[in-house]
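Reader: I would like to go through this structure feature by feature. Please give the general idea each time, then the case at hand.

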Amino acid sequence: MIDADHLRQIFPIEADIPVPFRLSEPLHQHEILIGGQLRSWTGERQIVVSPIALRASDGTLQPQEIGSIPAGDEASTEAALNSAVAAYDNGRGAWPTMGAAGRIACMEDFVRRLGAIRDEVVRLLMWEIGKNLPDSQKEFDRTVDYIRATIDALKQQENDSSRFLVVEGVIGQIRRTPLGVVLCMGPYNYPLNETFATLIPAMIMGNTVVLKPPKHGVLLFQPLMKAFAEAFPPGVVNMVYGKGAEVVPQLLTSGRIDVLTLIGSSKVADHLKKLHPKVNRLRSILGLDAKNAAIVLPDADLDLAVTECLAGSLSFNGQRCTALKILLVHRAVVGPFLERFVTALSKLKVGMPWDEGAHITPLPEPGKTAYLTEVVADALAKGAAIVNEGGGARAGSLFYPAVVYPVGEGMRLYREEQFGPVVPVVPFDTVGTALDYVASSQYGQQVSIFGSDADEIASMVDPLVNQVCRVNINCQCQRGPDVFPFTGRKDSAEGTLSITDALRCFSIRSMVATKRTKANQSLLDTIAMDQKSNFITTRFLF
């Protein structure tokens, strides 16, 4: 039986933690990366508490302090911003003028250094955000693959631009150039991968960066800081710490941030953009809220639909922007669908991140289990029920998934992004009803369709692609592969992230042009042949 007592017993006593995954001692960050130096921090500190509590002999759960980070202040924030601005130097700095070959060499050096800290970063991912071991390893490895793919994409982009165009008597060369100083803020659910999905393209295109780590998953940046300091010129990457409500307004109101990147909520993004004194100059690349729906049609392969919807709604406890956060199931099959879904869910293992096969793990946000209980209670009060045994049980940071049915308009789960292990199921009678739900949503990231009738699926795809930016057929919503565009409509995103799209997002097309005369041709030949310029060049990158 799944209840609070059962969940409480899943938390470990200290002796049960496998040796490779233990934190031998708390990790205290005593330094901040500013201007290429790891500057000592002696001010106030913020304690980092793990979602993994230890179980005492009397069964009570004891929160574990696993380290501390600088609390940050106005002076350190200003120093980080000044360093990034100085390193960019209105486009005259060493980094923005270095050229692609030099920046690629630095990035390759950085990748080499990452290999030595893989185990430490993976262990911190487990302890800081409760991500299971396979997913933590995957996040690290996927991030390294992403960096390498970004390097390859930049080489291709540069090689495509390594020629002169002659049009109507004008010789020109066009390349992409950096935008300036980037404020980069990633999310706690993918503190490494999602942060780097904006940080890496921003850097490699020649921008300088002020990086604010996410609210959870911040300790893992300690080993990364040394790699940043050693691989890149001073001022290319600068760290800031502190409460986002204090640090970020200080940066944006200065008017010296040129690009805002945020993976977070649309409400926060709307507020932040308005703080900049020159809104029209601020470029924004945003990954925001989503309420991705699955639409299960009467002729769907139910075994496939259940498998994909289970993974889509509960991978990493449903804490993904691409998660399936509401299941719209045709009334003709909702009974057998729920029966199979609940059976499959009951086989998911609840455990600690290092437990083999653990699927449901502790939630990192304080107060999250209380919030999930609240939105489930709202649905129950308005006519829904929890249809799986033990659904909604909680203890400490563990919350056993709740399948809630039938969910309808007026319940918070119908529109609100729960971002956790609660699965709202909505019955529908006509396809038009399901399409209306997607159309009326304030979010427009992705949708999944499960069915087998080619005519019906085709008739759904055509309107849905005008509501969301990715329609998945007979599979869950997802971001990858990284070569595919990742974005959203409405309040879900601004800008497009894929390997090549991200390079474009953090740059702008610039060109050098001259009239086609012998003197000008000779001038350009001399500059290019003697490699006097990093912009005017025909150099080919291998």
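Author: The model is a predicted one. A residue counts as exposed when its relative accessible area is over 50%, as buried when that area is under 20%, and as partly exposed in between. Arg92, with a relative accessible area of 57%, is therefore exposed.

Reader: With which residue does Arg92 form a salt bridge?

Author: The partner is Asp89, and the closest N and O atoms are 3.1 Å apart. Asp89 has a relative accessible area of 30%, so this residue is partly exposed.

Reader: How many salt bridges does the count come to?

Author: The count is 26. One of them links Arg256 and Glu78, with 2.8 Å between the closest N and O atoms. Arg256 sits in the loop between α8 (244–253) and β11 (259–263), whereas Glu78 belongs to helix α2 (residues 74–88), so the pair ties together parts that are 178 residues apart in sequence. Arg256 is partly exposed at 28% relative accessibility, and Glu78 is partly exposed at 30%.

Reader: Where do Lys226 and Glu230 lie?

Author: Both are in helix α7 (residues 221–231), four residues apart, which is about one turn of the helix. Their side chains meet in a salt bridge of 2.6 Å, N to O. Lys226 is partly exposed at 44% relative accessibility, and Glu230 is partly exposed at 39%. Salt bridges with shared partners join these two residues with Asp109, Arg112 and Arg113 into one network.

Reader: What is the strand order in the open sheet of three strands?

Author: In general, strands of a sheet pair through backbone hydrogen bonds, either parallel or antiparallel. Here the order is β6-β7-β27, and the pairing is antiparallel. The edge strands, β6 (165–167) and β27 (507–515), each pair on one side only. Neighbouring strands of this sheet are turned by 35° against each other on average, direction ignored. Three bridges join β6 to β7 (residues 170–178), and Val166 stands opposite Ile171 in β7.

Reader: How many cavities of 30 Å³ or more does the structure hold?

Author: There are four, and the largest has a volume of about 70 Å³. Its lining includes Lys291, Asn292, Tyr437, Tyr443, Gln446 and Val468. The elements that give two or more residues to this lining are β13 (292–296), α14 (431–440), β22 (443–444) and β23 (446–450).

Reader: What is the lining of the largest cavity by class?

Author: The lining has six nonpolar, five polar and one charged residues.

How values were computed: Residues are numbered from 1 along each chain as its sequence is written. This is a predicted model: local features need pLDDT of at least 70, side-chain atom pairs count only at pLDDT 80 or more; totals for chains, interfaces and linings use all residues. Side-chain values use heavy atoms; hydrogens and water are left out. Two strands pair if DSSP finds at least two bridges between them. Axes are lines fitted to C-alpha atoms, for helices over the stretch in contact, and angles run from 0 to 180 degrees between N-to-C directions. On a 1 Å grid over the protein atoms alone, a cavity is a set of points where a 1.4 Å probe fits but cannot get out, and a pocket is an open set with protein on both sides within 12 Å along at least five of seven lines; lining residues have an atom within 4 Å of a point. Grid points are joined across faces, edges and corners, and a volume is the space filled by probe spheres set on the points. Ala, Val, Leu, Ile, Met, Phe, Trp, Tyr, Cys and Pro count as nonpolar, Asp, Glu, Lys and Arg as charged, and the others, Gly among them, as polar. A salt bridge is a side-chain nitrogen of Lys or Arg within 4 Å of a carboxyl oxygen of Asp or Glu. Buried means under 20% relative accessible area, exposed over 50%, partly exposed in between (1.4 Å probe, protein chains only).
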